[in-house]
Amino acid sequence: MQKLRIEGGRRLAGRIPISGAKNAALPALAATLLTEEPVRLERIPGVVDIRTMIRLLEALGASIEESNGVKTIDARALGEPVAPYEVVKTMRASSLALGPLAARCGRARVSLPGGCAIGARPINLHLAGLEVLGARIEQEAGYVEAIAPSGGLRGAHYVFPRITVTGTEDLMMAATLARGVTVLDNAAREPEVVDLAELLTKMGARIQGAGSSRIEIEGVDRLHGAEHRIIPDRIEAGTYLAAGALVGDGLEIDGLEPSHLGAVLEKLEQADVKLERTGPTTLRVSSNGRLRPVDVTTEEFPGFPTDMQAQWMALMAFADGVSHLVETIFENRFMHVAELRRMGVEIELSGNRATIRGGRKVGGAAVMASDLRASACLVVAGLAAEGATTIDRVYHLDRGYESLEAKLTAVGASVERVR
Ligand code: UD1
């Protein structure tokens with residue numbers, strides 16, 4: 001199994017380009033199932049989760065062409081609307097195929113998702129919403145099936161009992177082809193939801209309110225082809241900003257969207273990290289030598305993202321004092337704690353609350369990646385630790401970070417893949 005070996009303590013200078021957002025590209029690819037015409041998508045990141053979604057589209061009968069980094073997806077002739085276990089077992093976002101397939105084909109059969117082992121992560125709200133749109137839901141042998149009524153899905157009012165990002169995206173896609181108006185309340189407000197609404201609108205959908213808690217969708221008979229550029233990955237940007245806060249020496253993070261990073265930038269500033277805006281989409285980050293401890297509670301957007309919680313913990317391991325971190329989105333998202341402890345970090349856990357006693361020596365160690373963002377946390381810690389860190393199960397990182405070693409090596413880090 002591949003490992004990542006990081007020699008800590010190198011100062012990072014130069015420019016890291018940010019890739020397209022994995023979590024915006026996944027629903028965009030699923031949205032191409034809604035139309036018989038080709039959809040051109042720019043800035044799709046080259047990560048394993050995207051390759052899995054593309055394999056899923058191909059298994060469903062779509063054809064995909066790539067030229068100059070632009071992917072053209074043609075879902076004209078779909079076969080059986082079934083997302084098979086072999087393709088989707090590693091990726092929870094496969095549930096994003098449910099809404100589009102139920103809307104376009106009248107039926108969708110999707111293997112229950114796998115993905116990161118962070119909590120139970122059910123898709124009950126996707127299913128409850130589709131039921132409100134008129135679908136019948138059946139579950140058997142690890143598959144869930146949504147069957148639309150004979151006249152197709154119909155618009156309805158659905159209030160999410162809790163906020164779900166892919167749930168909002170799934171229902172928004174399903175509603176674009178439903179008869180009548182759908183109102184989604186307590187919807188997710190993440191930038192990835194807004195990006196998807198922009199793509200769907202270019203495809204002819206009628207959507208209002210994306211980015212707020214109430215989204216209204218007026219169903220149309222058909223959607224058409226479109227061209228769209230995926231937003232930059234705010235979590236990738238946040239991860240490199242965290243690295244820069246520890247070992248940056250004028251490290252430029254380029255091609256990000258600052259308005260998507262509000263809560264993260266605010267916390268970095270509170271921690272006394274030197275941040276400078278050097279262009280509309282560029283931030284320069286430098287280590288200050290000293291970091292102030294800053295408490296964080298994860299929340300839905302525009303709050304502090306759960307996908308940055310692990311990297312923040314790595315940062316706080318080097319802060320001058322005690323900080324607290326409360327995880328409110330996922331119940332089992334502290335698997336990086338045991339690994340950080342192996343590096344000498346003192347962390348107490350109590351339920352969904354972690355107390356980090358920063359400022360002690362953090363030393364390189366052999367550690368194990370357990371999920372995507374936990375791996376990113378270990379990379380951040382490893383870059384600043386004394387000595388070498390070896391991260392096992394690096395395939396988790398490959399699910400969500402494009403060219404991580406190349407990007408880090410180019411700015412002076414010592415990172416290599418070993419067996
Ligand atoms: C998305 C992101 C993921 C991020 C998460 C929260 C993608 C592909 N992934 O995941 O990186 O960490 O948002 O920002 O965009 N829940 C239910 N029932 C459901 C759906 C969700 O109980 O039907 C719960 C989940 O278990 C979790 C919470 O709601 O506790 C939020 O999950 P959700 O927003 O759905 O996460 P994802 O969309 O899977």
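This is a short walk through the structure above, starting at the ligand and moving out to a few helices, buried polar residues and backbone oddities.

Okay, ground rules. What we have is a predicted model, where local features need pLDDT of at least 70, side-chain atom pairs count only at pLDDT 80 or more, and totals for chains, interfaces and linings use all residues. Numbering runs from 1 along each chain as its sequence is written, and side-chain values use heavy atoms, with hydrogens and water left out.

So, the ligand. There are 19 residues around it, and the closest are Arg-92, Asn-124, Thr-166, Asp-307 and Ile-329. Being in that shell means having a heavy atom within 4 Å of the molecule. By type, the shell splits into 8 nonpolar, 6 polar and 5 charged residues. For that split, Ala, Val, Leu, Ile, Met, Phe, Trp, Tyr, Cys and Pro are nonpolar, Asp, Glu, Lys and Arg are charged, and the others, Gly among them, are polar.

Where do the shell residues come from? Three helices, α1 (22–31), α5 (124–132) and α6 (165–176), each give at least two of them, and α5 has the largest share, with 3 residues. Helices here are DSSP runs of H or I, at least four residues, and strands are runs of E, at least two, numbered from the N terminus. At the domain level, domain 1 (3–19 + 233–418) and domain 2 (22–229) each put at least three residues into the shell; those bounds come from an automatic or database domain assignment.

Now zoom in on the ligand's oxygen atoms. A backbone N or O atom of Ile-329 sits 2.6 Å from a ligand oxygen. For Leu-125 it's again a backbone N or O atom, at 2.7 Å from a ligand oxygen. With Thr-164 the side chain does the job: one of its N or O atoms is 2.7 Å from an oxygen of the ligand. On its own the ligand would expose 740 Å², and the protein buries 90% of that. Those areas are Shrake-Rupley with a 1.4 Å probe, and for residues only the protein chains shown count as cover.

Next, two helices. In α12, residues 372–384, 13 of the 13 residues are buried. Buried means under 20% relative accessible area, exposed means over 50%, and partly exposed is in between, with a 1.4 Å probe and protein chains only. How does the length of α12 check out? Its 13 residues should span 18 Å at 1.5 Å a residue, and the end C-alpha atoms are 19 Å apart, which agrees. That expected span is 1.5 Å times one less than the number of residues. At the N-terminal end there's a cap: a side-chain oxygen of Asp-371 lies 3.1 Å from the backbone nitrogen of Arg-373.

Then α7, residues 191–202. Its 12 residues should span 16 Å, and the end C-alpha atoms are 17 Å apart, so that agrees as well. Its buried residues include Val-193, Leu-196, Leu-199 and Leu-200, but also Glu-192 and Asp-195. After the helix comes Gly-204, with a positive phi near 105°.

On to buried polar side chains. Which partner does Glu-145 have? This glutamate is in strand β9 (residues 143–147) and is buried at 14% relative accessible area. Its side chain makes a 2.9 Å polar contact with that of Arg-107. A polar contact is a pair of N or O atoms within 3.5 Å; within protein, one must be able to donate a hydrogen and the other to accept it, and sequence neighbours count only if both atoms are side-chain atoms. Ser-286, in strand β17 (residues 282–286), is buried at 11%, and its side chain reaches the backbone nitrogen of Gly-250 at 2.9 Å.

Last, the backbone oddities. Most residues other than glycine have a negative phi, and most peptide bonds are trans. Ala-141, however, has a positive phi near 50°. You'll find Ala-141 in the loop between β8 (136–140) and β9, exposed at 70%. Ser-403 also has a positive phi, about 50°. That serine is in the loop between α13 (395–398) and α14 (404–410), and at 42% counts as partly exposed. And the Phe-301 to Pro-302 peptide bond is cis, omega near 10°, with Pro-302 in the loop between β18 (296–297) and α10 (309–316).
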